[in-house]
Amino acid sequence: MFTGIVEELGEVTAVEKLDDASRFRLRGPLVTEGAKHGDSIAVNGVCLTVVETADGEFTADVMAETLKRSSLGALEPGSRVNLERPMAVGGRLGGHIVQGHVDGTGTILDRTPSEHWELVRIALPAHLSRYVVEKGSITVDGVSLTVVEAADDWFSISLIPTTLALTTLGIKQSGDPVNLEVDVIAKYVERLLGPNARENLQ
């Protein structure tokens, strides 16, 4: 489990394309400190399992399902990525509950800069629209953010200087894809209040 508070701006150092998967090597001295085989690290909001670590880098295998549902397939050597270690039990929940299970991808539509912040609009896939609400939480490339405005096919977020400086959201451009994870609590509520709500609540 993660909080969506990015710890480190890392970099892809190598990509090995396999038949139906890819193996990534990523540089992240902070997140690899103490990391070992089998640990989890979120890469642009996608929970990946560490295969091995060495000299501030780690490798992770990305299966076809993950490549299909996220934007990781577009990464190449030199790509910058947002990195986060799992939340420690007993730690502060600085963002919101993030699983690292990407629900889909969106596309940056436009950016409107201001003196101290920037408003970003992102295209929203139709199947995720019902989970995104004004002032609710959403994870964009692994960054926990508050929704400013929610329309049927897009939503907007406001980025403060810290987020712009310390995550990939500061360098993403219009047309770039981003990974989206909606609030898992909303999905559970929908399931409970679905057609069989009465039976589920008994």
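The legends below describe an overview and several close-up views of a predicted model of one protein chain.

**Figure 1. Overview of the predicted protein chain, with its 4 helices and 12 strands.** The radius of gyration is 17 Å, close to the 17 Å that the globule rule gives for 202 residues, so the chain is as compact as a globular protein of that length. Along the principal axes, the C-alpha atoms fill a box of roughly 50 × 50 × 40 Å. Buried residues make up 42% of the 202 residues, and the chain exposes about 10,800 Å², of which carbon and sulfur atoms supply 51%. Among contacts with a separation of 6 or more, 70% join residues that are 24 or more positions apart. The chain carries 18 positive and 29 negative charges, and the mean positions of these two sets are 3 Å apart.

**Figure 2. Close-up of the largest nonpolar core, which has 20 residues.** The members that touch the most other members are Ile-122, Ile-138, Val-140, Phe-155, Ile-157 and Leu-180. At least two residues of this core come from each of the strands β8 (118-123), β9 (137-140), β10 (143-150), β11 (154-159) and β12 (177-182). Apart from this core lies another, of 17 residues, which includes Val-12, Leu-48, Phe-58 and Leu-83. In soluble globular proteins, nonpolar side chains tend to be buried together.

**Figure 3. Close-up of Val-140 and the residues in contact with it.** When neighbours within four places in sequence are left aside, the contacts of Val-140 are Ile-122, Leu-145, Phe-155, Ile-157, Leu-169, Val-178, Asn-179 and Leu-180. Val-140 is itself among the core residues that touch the most other members, as are Ile-122, Phe-155, Ile-157 and Leu-180.

**Figure 4. Close-up of Ser-22 in strand β2 (residues 21-27).** Ser-22 has a relative accessible area of 3% and is therefore buried, the cut-off for this class being under 20%. Not counting residues up to four places away in sequence, Ser-22 touches Glu-16, Lys-17, Ala-60, Asp-61, Val-62 and Leu-67.

**Figure 5. Close-up of two loop residues, Asn-44 and Lys-135, that have positive phi values.** Asn-44 lies in the loop between β3 (40-43) and β4, and its phi is positive, at about 50°, although Asn-44 is not a glycine. Lys-135, in the loop between β8 and β9, is likewise a residue other than glycine with a positive phi, here near 70°. With a relative accessible area of 2%, Asn-44 is buried, whereas Lys-135, at 59% relative accessibility, counts as exposed.

**Figure 6. Close-up of Asp-55 in the loop between β4 (46-54) and β5 (57-63).** The relative accessible area of Asp-55 is 73%, so this residue is exposed, the class being set at over 50%. Asp-55 and Thr-32 are 23 residues apart in sequence, and their C-alpha atoms are 8.8 Å apart in space.

**Figure 7. Close-up of Gln-173 in the loop between α2 (161-166) and β12.** Gln-173 is partly exposed, with a relative accessible area of 49%. Although Gln-173 and Asp-110 are 63 residues apart along the chain, a distance of 7.8 Å separates their C-alpha atoms.

Conventions: Residues numbered from 1 in each chain as written. Predicted model: local features only at pLDDT ≥ 70, side-chain atom pairs only at ≥ 80, totals over all residues. Heavy atoms only, no water. Rg over C-alpha atoms; globule rule 2.2 N^0.38 Å. Buried < 20%, exposed > 50% of the residue type's maximum accessible area, 1.4 Å probe, protein only. Contact = heavy atoms within 4.5 Å. Areas by Shrake-Rupley, 256 points an atom, 1.4 Å probe, with all protein chains shown as cover. Lys, Arg positive; Asp, Glu negative; His and termini not counted. Charge placed at Lys NZ, Arg CZ, Asp CG, Glu CD. Core = buried A, V, L, I, M, F, W, Y, C linked by side-chain atoms within 4.5 Å.
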